[in-house]
Amino acid sequence: MDSRRPPLAPAHRSLPEYLRHWAETTPDRRAFTFVDHPAPHSRGVHRTLTWRRLDLRVRALAARLAEEAEPGTRVALLCPQGTEYVTAFLAALTAGLVAVPLYPPGLPGHGDRLAAVLADAGPAVVLTTSHIFAEVREFCAPLPVRIVAVDRVPDTVEDFPPVTPDGDSIAYLQYTSGSTRSPAGVEISHGNVVANARQALAAYGLDEHPATCVGWLPLYHDMGLVLSVAAPVVRGLLSVLMDPAAFLHEPARWLRLLAAHPRALSAAPNFAYDYCASAVTEAQKRDLRLDGVAALLNGSEPVRPGTVDRFHAAFAAQGLAPDTHCPSYGLAEATVFVSAARPGEPLRRFSLDRDALATGKALPARADDPRAVTLAGCGTPAGQRVWIADPVSRARLSEGEVGEIWVQGPNVGRGYRNRDEQTRRVFGATFADDTAGSGRWLRTGDLGTFLDGQLIVTGRLKDLIVVDGRNHYPQDVEASVQDADPAVRPDRLAAFGVPGDAGEQVVVVAEHVRGISVAEIDLPGLVRAVRAAVSGRHGLRLADIVIVPPGTVPRTSSGKVARALTRQRYLDGAYTPEPAEPGE
């Protein structure tokens, strides 16, 4: 019998201990379901593991790993999205090894990063599946690693004694997305991931009212791993997974899974909500009922209130409640979750004066003021301390003052692997006036402020564009650019500063929308509209606007635009205007 309400589990120090608890107390309950879409128009093939079956598979694979590596050894996960990925991750932890969540070599555009991460992590074992075993073996040929196919390991377990890890020992390396720097492996302890899972469960009300976690975010990404694996294991919830590519091919698949499961909880970046609003057809909406959705997390940078409005307007007729959207903030160095808006509360939006924001002050403005910028509140801290600090003087800032977001809590990782100086700088911050010994803080590199108790994230410190002494947030400029002409592809553009004769200048590299060629675009008109919008809203003169084909602007492994890499490629001369078609 698959009861919807699992009993509360006693507090444990690690995910393997929680797994064993659920396997012993609720063995026949569903634990993980992967919904495969083998054909373009497939409605989905479900493959499910109960807690008993998952525990058996995990112990069998852990026993196999114990034959290959000593405790503390790193194990890279190069599995496709699915239950094998979950099994591989939990087995590595059960064997006392350090998991390195990654992705198969075939992920477009990320082969170089995968090679760099593998070289940095130095795993002794690589876990994959038989389906892509040959591809993984070829990719890893230069490395001294042993490769194990998860699905080829038999279920037989001869009294494997699972390792009971200390809460402070490393569970896995979460590699940063590389949006502003080269990827670095954050050391996440067993205590960190359990603490952050419990923080997320409390923030979204899942500790009192169980739900089904429905997700398509990749499991190598911090939010996908914690929300779709760690939190369900800690609470004994059903987690329903699908492949990110299946969502991108047909976003209605995600919505159908939300509709099919009571009290569904899911997360997605901002672009996914816009994508659903524009791509899901009326025919696909006809059979959807979304009134049972408990919470939809939006953890992108930034969360756009206009996107939230469009998404809820698009699916209001399907019963989607307007208070299900939960803007959230987090980062890999804090495992993932830092703050979150709670389900059942209306979206908090703040209209701020753009000129004041450029000077570091969050002052209210009229929503209809063309020079106002509207930002969403990202709720309150989830079981941790958050302060705003001046990034130079390390002084604590008051409400309404913009500075760097600093975090302290049991979820903050141990540091970066083999990067002691960077670890001291990022994880060892102290306030200048700290006479009470409040301990060390995580410098997030993100800018924000508090208003009415809400954390508002304004941008990345390293992405900030400074022109004539004034601060400009690139995502704010990008929003103006994509609103200026429908030929600009939304959320596929980068604004950044470059050196000029008279100081820093601003450049925009933007993709045009799919389905048209550059010859069909009125490029002079587009450039005029973009320049006028940026000049009118931001008082900026753009030094250059480059329109490039879809797929040209690089993104991180988590889907964010890689502004630093775009800037470097621009300076290297990699972007040239797309040529017109022959005969034009």
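How many of the nine residues of helix H9 (residues 252–260) are buried? In this predicted model, the count is seven, so H9 is largely enclosed by the rest of the structure. The buried set runs through Ala252, Arg253, Trp254, Leu255, Arg256, Leu257 and Leu258. Two arginines, Arg253 and Arg256, are thus on the buried list, along with the leucines Leu255, Leu257 and Leu258.

Stepping back to the whole chain, the fold comprises 17 helices and 27 strands. The C-alpha trace spans about 70 × 70 × 50 Å along its principal axes. As for overall packing, the radius of gyration comes out at 24 Å, which agrees with the value near 25 Å that a compact globule of 584 residues would have. Buried residues make up 58% of the 584 in the chain. Contacts tell their own story: counting those with a separation of 6 or more, 70% join residues 24 or more positions apart.

On the outside, the chain exposes about 23,400 Å², and 51% of that area is supplied by carbon and sulfur atoms. Charge was looked at too. The chain has 61 positive and 66 negative charges, and the mean positions of these two groups sit 2 Å apart.

Back at the level of single helices, H14 (residues 420–427) has a buried side made up of Gln422, Thr423, Val426 and Phe427. Looking down the axis of H14, these buried residues fall within an arc of 100°, so they line one face of the helix. What do they pack against? The partners are three strands: S8 (185–189), S20 (415–416) and S21 (442–451). Turned away from that buried side, the other face of H14 carries Asp420 and Arg424, both exposed.

Another acidic residue, aspartate 476, belongs to helix H15, which covers residues 474–484. Is aspartate 476 buried or exposed? With a relative accessible area of 13%, aspartate 476 falls under the 20% cut-off and so counts as buried. Setting aside the neighbours within four places in sequence, the contacts of aspartate 476 are Arg354, Val373 and His538. Asp420 of H14, by contrast, is exposed, whereas aspartate 476 of H15 is buried.

How values were computed:
Residues are numbered from 1 along each chain as its sequence is written. This is a predicted model: local features need pLDDT of at least 70, side-chain atom pairs count only at pLDDT 80 or more; totals for chains, interfaces and linings use all residues. Side-chain values use heavy atoms; hydrogens and water are left out. Buried means under 20% relative accessible area, exposed over 50%, partly exposed in between (1.4 Å probe, protein chains only). Helices (H or I, at least four residues) and strands (E, at least two) are DSSP runs, numbered from the N terminus. The arc is that of the directions from the helix axis to the C-beta atoms. Contact means heavy atoms within 4.5 Å. The radius of gyration is taken over C-alpha atoms; the globule rule is 2.2 Å times the number of residues to the power 0.38. Accessible areas come from the Shrake-Rupley method with a 1.4 Å probe; for residues, only the protein chains shown count as cover. Lys and Arg count as positive and Asp and Glu as negative; His and the chain ends are not counted. The place of a charge is taken as NZ of Lys, CZ of Arg, CG of Asp or CD of Glu.
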